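Please examine the structure shown here together with its sequence. The briefing that follows begins with an enclosed space and then turns to other topics.

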Amino acid sequence: MKAVGIDIGTTTICGVLLDGGTGELLDSRTLSNDTAVRTENDWEHLQDPEKILEKCRRILEAFQDGEKDIVSVGVTGQMHGILYTDAEGRAVSPLYTWQDRRGDLPCKESRDGKEETWAGEISRKTGYPAASGFGLVTHYYHVKNGTVPREAVSLCTIPDYISMSLAGEKRPLMHQSMAASLGLYDLRESCFDQRAIQAAGMDPGILPEVTREHRIVGRLKGSAGEGNQSGTCVVSVALGDNQASFLGSVGPEERLLLNVGTGSQISAYTDRLIETGEAECRPYLGETWLIAGSPLCGGYAYSLLKRFVEEIFEMEGTAPADSIYELLNRWAGDVYEQKKREVQVDTRFNGSRKDPGLTGGIFGLTEESFHLGQFALGTLKGICEDLYRYYREFPREVRESTGIVGSGNGIRMNPLLQKICSERFGKEMKIPRYSEEAGYGTALFSLLAGGYYKSLEEVQTRIRYE
C-alpha cells in the first residue's frame with residue numbers, strides 16, 4: 001500500500017509518495033506556487049485557489065501514472081488563511097493567505113479617539129488574542145466592510161478546499177488543527193466559540209464542521225480518481241502544517257521540534273492543555289496538544305542579510321564567486337570557530353504577534369566586531385534566540401526531555417545553525433531522513449485516517465533520522 005501527501009506552501013507545492021508498510025519515501029515532486037493574485041494594495045496577499053487545485057491534481061496524477069496501489073491521500077499546508085466557497089463547494093474568492101495584513105489596517109470605528117486596527121477591535125470585543133492573517137480576523141474585516149462574496153456559504157483554509165475538491169464534496173470538513181489557526185477557537189471545548197463570534201457581529205453558520213478525529217473527507221473523485229484507484233483511495237481531512245511537520249519528523253523518543261525555513265517555529269508535544277504567555281497551545285491528534293512558538297521573521301532574517309550583501313555587489317556592478325549564503329556561512333563560521341568578538345542581533349524585524357510594532361536591532365558593536373562575519377553569526381544566533389524565548393515558557397517535562405529534532409532547509413543546509421541551536425538548548429539535535437516533513441507527515445496521517453495504521457505509536461515507528 002502507498003500513500004500520497006500534498007503540502008501547499010506559500011511559495012511551493014510539494015507532493016510525496018511513500019510506502020505505507022516500510023515508511024520509505026519513494027518519490028517527491030515540487031511545483032512553484034506561482035498563483036499570486038495581483039493587487040494594488042501592498043497589505044493584500046492573495047492567491048488563486050483554482051490554480052492551486054490544478055497543481056495539486058497534476059502532482060497526484062503524476063504519481064498515479066506509475067502506481068496502482070495508492071490507498072490514501074493527505075493534504076496539509078498554509079494555516080490561518082481563508083477562502084470562501086459556495087453551495088456547490090466551489091471557491092468564490094481568492095485565498096487570503098496568512099501573510100494578508102488587512103487586520104492591521106485602522107478600522108472605521110475608533111475608541112476614545114485613538115486609532116484601532118481591525119485585529120485590535122475583534123480582540124477587544126471577544127476577549128481572544130487576534131492577529132492580522134488569522135482567518136477570522138480576515139473574515140471580520142470582510143463582514144464589517146460588506147465584502148463577503150454574496151454566494152459564500154462557508155469558509156475554509158486552502159488545504160481544506162483541496163481535500164474537499166479531490167473528494168468531490170460540497171461542504172468543507174475541518175480538522176481541529178486547522179480550525180484553531182483561524183482564531184476565536186475554544187481549546188477546552190474543541191470548537192469555535194459561538195458566543196465570541198456572535199459578539200463580533202459574525203454569523204457562525206458560515207463556519208465548517210470541525211473534527212478532532214482521524215477522519216476521511218471522502219473518496220478520490222474526478223480525473224485524479226480514474227483507473228484502478230477510482231472509489232477506493234480515501235482523502236483524509238487536511239492537517240495543519242505545523243502538526244503535519246511534527247508528525248513527519250518526531251519519533252516516539254523525542255517531543256521537541258525546531259523548524260527553520262523562510263519562517264521558523266518551535267513545537268513540543270504534550271498530553272495536556274498548557275496555559276502559556278506568547279506561545280500557543282494548539283490541538284494535535286485526538287486529545288493531545290502541541291505548544292508552538294512562531295516568530296514572525298524567523299529564517300527570513302538571514303535572507304534579509306543576504307539581500308543587503310547582494311545590494312553591495314550590485315552597487316559595484318559585480319557578482320560574488322560563490323553564493324551569498326555560502327559566503328555568509330563561511331564568514332560566520334570563522335567568527336564562531338576563532339571565537340572572535342560577537343555582536344547580538346535581535347531578529348524580530350517584523351515585530352511579534354503580541355507586539356507588531358516591535359523592531360529588531362544590532363547590539364554590542366565595536367570597532368573589532370563591525371564586520372559581516374559578526375553580523376552573519378549574530379543573525380543565526382538571533383534566529384535561535386527568538387525560538388528560545390518561547391522555549392522558556394514550555395512545561396518542565398518538555399524542557400527536561402533529552403533530545404531535539406531539527407527540520408526545515410534553514411537547519412538542514414546550515415550545520416553551523418545546528419551547532420548553535422544544540423548548544424543553546426543543551427540537547428543533541430537529530431535531523432529527519434526525509435526533508436519533505438509536512439508532506440510526509442500528512443501522508444502518514446492519511447493512512448491513520450483510512451484505518452491502515454491503528455495508532456499514533458504505529459505512525460511514529462516509521463520516522464527515521466539521518
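In this predicted model, the lining of the largest cavity divides into 4 nonpolar, 1 polar and 3 charged residues. The volume of this cavity is about 40 Å³. The points below give its lining, and then treat a pocket, the overall fold and one helix.

**The cavity**

- Searching the whole structure for cavities of 30 Å³ or more yields 1.
- The lining of the largest cavity includes Gly248, and it also includes Pro432, Arg433, Tyr434 and Tyr440.
- Arg462, Ile463 and Arg464 are likewise among the residues that line the largest cavity.

**The second largest pocket**

- The second largest pocket holds about 820 Å³ of space. It is lined by 32 residues, of which Pro129, Leu187, Ala279, Glu280 and Cys281 are the closest to its centre.
- Three strands each supply at least two residues of this lining: strand E10 (185-186), strand E18 (280-283) and strand E19 (289-293).
- The largest share of the lining, 4 residues, is contributed by E18.
- Sorted by class, the residues that line the second largest pocket are 17 nonpolar, 7 polar and 8 charged.

**The overall fold**

- The protein contains 15 helices and 23 strands. Its radius of gyration is 22 Å, close to the 23 Å that the globule rule gives for 466 residues, so the protein is as compact as a globular protein of that length.
- The C-alpha trace spans about 65 × 60 × 50 Å along its principal axes.
- Of the 466 residues in the protein, 55% are buried.
- Among contacts with a separation of 6 or more, 67% join residues that lie 24 or more positions apart.
- The protein has an accessible surface of about 20000 Å², and carbon and sulfur atoms account for 46% of that surface.

**Helix H4**

- Is helix H4 enclosed by the rest of the structure, or exposed? Because 9 of the 9 residues of helix H4 (residues 158-166) are buried, this helix is largely enclosed by the rest of the structure.
- The buried residues of H4 include Ile158, Pro159, Tyr161, Ile162, Met164 and Leu166. Asp160, Ser163 and Ser165 are also buried in this helix.
- After H4 comes Gly168, which has a positive phi, near 70°.

Terms used
Residues are numbered from 1 along each chain as its sequence is written. This is a predicted model: local features need pLDDT of at least 70, side-chain atom pairs count only at pLDDT 80 or more; totals for chains, interfaces and linings use all residues. Side-chain values use heavy atoms; hydrogens and water are left out. On a 1 Å grid over the protein atoms alone, a cavity is a set of points where a 1.4 Å probe fits but cannot get out, and a pocket is an open set with protein on both sides within 12 Å along at least five of seven lines; lining residues have an atom within 4 Å of a point. Grid points are joined across faces, edges and corners, and a volume is the space filled by probe spheres set on the points. Ala, Val, Leu, Ile, Met, Phe, Trp, Tyr, Cys and Pro count as nonpolar, Asp, Glu, Lys and Arg as charged, and the others, Gly among them, as polar. The radius of gyration is taken over C-alpha atoms; the globule rule is 2.2 Å times the number of residues to the power 0.38. Buried means under 20% relative accessible area, exposed over 50%, partly exposed in between (1.4 Å probe, protein chains only). Contact means heavy atoms within 4.5 Å. Accessible areas come from the Shrake-Rupley method with a 1.4 Å probe; for residues, only the protein chains shown count as cover.
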